[in-house]
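Student: I'd like a close look at one single part of this protein. Could you pick a spot and walk me through its surroundings?

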Amino acid sequence: MGKGILLFIIISIYLFRTVILKTKKKDTKFLWVSFFIFCIPFEFGKALNTPKLNDIAGTVQPIYIISLCIGLIVAVLPYAKRRFINYSFKLNHWVNGFCVLLIISFLNPYNSFYTGTWVLAIFFLSNILLFKLLSSFLDQSDVVNGLFDGLKWLAYTQFFLAICFPVLGISAVTKLFHESAEIWATRLDTRSGAVGFFNHPGRLALFMVVASSFFLATYLYNFKRKASAICLGICVLTLFLTYSRTSYLALIITLFSCYYIDKNAHKNIFSIGNILKFVVPTVLALVYLIAYSPLSELFLQSDSSDQYDNRMVHWLMAFHIFETSPIIGVGLNAHLSYISQHLGIVNQVTMDDFFSVNPIHNIHLIILCEIGIVGILLWVYFLFGNIIKAKKEIKEGHNEVLSLTLVGLFVAYIIYGLTGWAPFSTAILPIFLFITFFSIKYRDQ
């Protein structure tokens, strides 16, 4: 299906929903958020340039960077209030920090792909500008309602598509939204997995992990409790049908972490007793999943050994890049370009060309390569510092849904990011930015 036609259909549906709600004299502002969230998996966009075959684009690729955000920015401008212009450096440390890293990357003599850094800069800043505009005329309830609505409809539709493939074997649904999805739905004929609106089972699975943490949060804090329980169950079932090993592990650890922090928000979660209460059931669940459950073959047989070997190759390459520029790395969104111009890094560990054109399968090592020690220290501080602050918000009974969702999001990024680069793909990164932006915004109010 052409993306232009698909976008027209989605816009028409949301306009129809707006008219229906207005006739019933109900609020429609939350639909702005719902529309944005629902559109994320499709990666609507237009290429700034058309890369030649085998050209290196980076993890955030030019083909998807701006059109949806820019279109929404133009659309919401008439509704935006003047306060969106006010920018507080104090309340936007993470945005300020990322902008500083962008400047360092532009000045970095090891950066051989400034275009990739510009692409990332435009992608990041356009999303932040859109969120600033939305926050000027939406309140917290609009944001939470919109996030719930968008993720709810995504959960329903993804589950339907997952039933079509792989359960019913209707492979035609895998190529409706992305040309490459049909290939990755069978992982190059090694095993089948649902892709939904995404182009890879791993991306659908990670998105479902994030959605699950949100629906668990809404369930725990009595926000549309019945619908939350249904959506949570649907997300887990959909994730199961992706047959994504890493995502199974991420789901268990993420949901355990969210539940644990919710129930221990008033306690020192780092005490030995509390850690054991969390670690023991989590480890037992993982041992059962990997060694004794019906899914154990996925982990212990199948193509698992090959995939583990592939990760090791990528990780060794990452450390070779790191040795080149350990302090500031080789530039944001530029590590693939650096590899393509220094193929000796690949040849030191393998002769397979696959590793020279695919991002390193570990987002934490990508950060280490692209921003060096400076970047990885800021990344670790950003993740764990915000988890601790979110716990404090939950303890105080403030901003609970978004705070607990942020915990789940960050834990999912930490776990999934150890063996994959999907968290930095343009099909996942927008929801990371959205939840992070609004969770921090309402924390500081």
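Tutor: Sure, let's start with Arg311, which sits in helix H13, a helix covering residues 304-324. Keep in mind that we're looking at a predicted model. Is Arg311 buried or exposed? Its relative accessible area is 18%, and the cut-off for buried is under 20%, so Arg311 counts as buried. As for what the Arg311 side chain is doing in there, it reaches the backbone oxygen of Thr419, at 2.8 Å. Thr419 also turns up when you list what Arg311 touches: leaving out residues up to four places away in sequence, the contacts are His361 and Thr419.

For a companion view, hop over to Phe432, in helix H19, which runs over residues 429-443. Phe432 has a relative accessibility of 5%, so this residue is buried too. Its contact list, again skipping anything up to four places away in sequence, reads Trp379, Phe382, Leu409, Phe410 and Tyr413. Take Leu409 from that list: 23 residues separate it from Phe432 in sequence, while their C-alpha atoms lie 7.2 Å apart in space.

Now zoom out for the setting. The protein has 19 helices and zero strands, and 56% of its 445 residues count as buried. If you take contacts between residues at least 6 apart in sequence, 76% of them join residues at least 24 apart. On the outside, the protein exposes about 19800 Å², with carbon and sulfur atoms supplying 67% of that.

Terms used
Residues are numbered from 1 along each chain as its sequence is written. This is a predicted model: local features need pLDDT of at least 70, side-chain atom pairs count only at pLDDT 80 or more; totals for chains, interfaces and linings use all residues. Side-chain values use heavy atoms; hydrogens and water are left out. Helices (H or I, at least four residues) and strands (E, at least two) are DSSP runs, numbered from the N terminus. Buried means under 20% relative accessible area, exposed over 50%, partly exposed in between (1.4 Å probe, protein chains only). Contact means heavy atoms within 4.5 Å. Accessible areas come from the Shrake-Rupley method with a 1.4 Å probe; for residues, only the protein chains shown count as cover. A polar contact is a pair of N or O atoms within 3.5 Å; within protein, one must be able to donate a hydrogen and the other to accept it, and residues adjacent in sequence count only if both atoms are side-chain atoms.
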